[in-house]
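Colleague: Please walk me through this model. Short answers, cut-offs included.

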Amino acid sequence: MRLYHFTSLGHLPVILATGGLWRGEVPIGDGERSLRGTWFTSDPDPHGHGLDGSSADKREVRIVVVFPRNDRGVTHWLTFARKHRVNPGIVEEMTQTGGGKRKAETWYSYPEIIPVEDFRAIELRRQDGSYSPATPEEIAAAVAHEGLQEAVEADFREMRAKPRRFLG
């Protein structure tokens with residue numbers, strides 16, 4: 001299954017330096033708690049997924065991961081939300097701000113670290129809005145958002161100190 005993770009150029013060096021994708025949070029229950037998980041979509045177009053509203057443009061980079069069809073870790077988000085009794089108000093809010101039911105139907109989460117070696121492609125959004133593979137020079141030139149590297153490393157240390165809890 002080919003899935004896409006969108007992020008900002010300022011997040012890319014941190015993703016690469018910390019070993020891959022692992023830092024997202026997926027709400028459970030009343031939304032006060034969350035579990036670790038990386039958000040994906042089966043939609044290669046970033047528009048309408050609720051990626052707006054951040055100080056960073058989370059549509060600059062598209063990471064492509066192809067999961068085996070039998071990978072039980074890949075969870076359709078709406079199914080996950082029902083299983084983990086996510087408050088219907090939270091589901092509705094996320095669905096509406098994320099482009100509606102049609103877009104929400106394309107959302108998935110994955111509970112484990114996805115190592116860089118498993119990335120099928122790292123693509124950058126070009127001037128015309130299309131995506132193409134990032135060159136090694138473009139990747140090397142990416143600069144992390146100020147303070148992000150340190151925050152992620154601290155989060156990673158804290159995560160390692162706690163018992164592992166995956167989405168399931």
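Modeller: First a term: two residues are in contact when heavy atoms lie within 4.5 Å. The model is predicted, so local features need pLDDT of at least 70 and side-chain atom pairs pLDDT 80 or more, while totals for chains, interfaces and linings use all residues. Residues are numbered from 1 along each chain as its sequence is written, and side-chain values use heavy atoms, without hydrogens and water.

Colleague: Of the contacts between residues at least 6 apart in sequence, what percentage joins residues at least 24 apart?

Modeller: The count takes in pairs at least 6 apart in sequence. Of these, the share joining residues at least 24 apart is 79%.

Colleague: What is the radius of gyration of the protein?

Modeller: The radius is taken over C-alpha atoms, and the globule rule is 2.2 Å times the number of residues to the power 0.38. For 168 residues, a compact globule would come near 15 Å. The protein agrees with that, at 16 Å.

Colleague: How much surface does the protein expose?

Modeller: Areas follow the Shrake-Rupley method with a 1.4 Å probe; for residues, only the protein chains shown count as cover. Carbon and sulfur atoms supply 50% of the exposed area. The total is about 9700 Å².

Colleague: What percentage of the residues counts as buried?

Modeller: Buried is under 20% relative accessible area, exposed is over 50%, and partly exposed is in between (1.4 Å probe, protein chains only). Of the 168 residues, the buried share is 44%.

Colleague: How many helices and strands does the protein have?

Modeller: Both are DSSP runs numbered from the N terminus: helices are H or I with at least four residues, strands are E with at least two. The total is six helices and 11 strands.

Colleague: Which elements give two or more residues to the largest nonpolar core?

Modeller: Such a core is a set of buried Ala, Val, Leu, Ile, Met, Phe, Trp, Tyr and Cys residues joined through side-chain atoms within 4.5 Å. The largest has 17 residues, and Leu21, Phe40, Ile63, Val65, Phe67, Ile114 and Phe119 have the most contacts inside it. The elements giving two or more residues are α1 (12-17), β6 (61-66), β8 (107-110) and β10 (119-125).

Colleague: How many residues does the other core have?

Modeller: It lies apart from the largest core. Ile28, Leu78, Ala81 and Val91 are among its members. The count is 12 residues.

Colleague: Is His76 buried or exposed?

Modeller: His76 sits in strand β7 (residues 75-76). Leaving out residues up to four places away in sequence, His76 touches Ala104, Glu105, Trp107 and Tyr108. Its relative accessible area is 18%, so His76 is buried.

Colleague: Are the rings of Phe67 and Tyr110 stacked or tilted?

Modeller: Rings of Phe, Tyr and Trp (its six-membered ring) pair if their centres lie within 6.5 Å; planes under 30 degrees apart are stacked, over 60 edge-to-face, and the rest tilted. That rule gives six aromatic pairs. Here the centres are 4.8 Å apart and the planes are at 35°, so the pair is tilted.

Colleague: How far apart in sequence are the parts that this pair ties together?

Modeller: Phe67 is buried at 6% relative accessible area, and Tyr110 is buried at 11%. Phe67 lies in the loop between β6 and β7 and Tyr110 in strand β8, so the parts tied together are apart in sequence by 43 residues.

Colleague: With which residue does Arg62 form a salt bridge?

Modeller: A salt bridge is a side-chain nitrogen of Lys or Arg within 4 Å of a carboxyl oxygen of Asp or Glu. The protein has seven salt bridges. Arg62 and its partner are both buried. With closest N and O atoms 2.6 Å apart, the partner is Glu123.

Colleague: Which strands hold Arg62 and Glu123?

Modeller: The pair ties together parts that are 61 residues apart in sequence. Arg62 and Glu123 lie, in that order, in strands β6 and β10.

Colleague: Where does Glu138 lie?

Modeller: Glu138 forms a salt bridge with Arg126, the closest N and O atoms being 2.6 Å apart. Arg126 is in the loop between β10 and β11 (131-133), while Glu138 lies in helix α5 (residues 136-141).

Colleague: Which residues do salt bridges that share partners join into one network?

Modeller: Shared partners link these salt bridges. The network members are Asp52, Asp57, Arg59 and Arg125.

Colleague: How far apart in space are Thr18 and Pro115?

Modeller: Thr18 is in the loop between α1 and β2 (20-21). Thr18 is buried, at 13% relative accessible area. Thr18 and Pro115 are 97 residues apart in sequence, yet C-alpha to C-alpha the separation is 9.1 Å.
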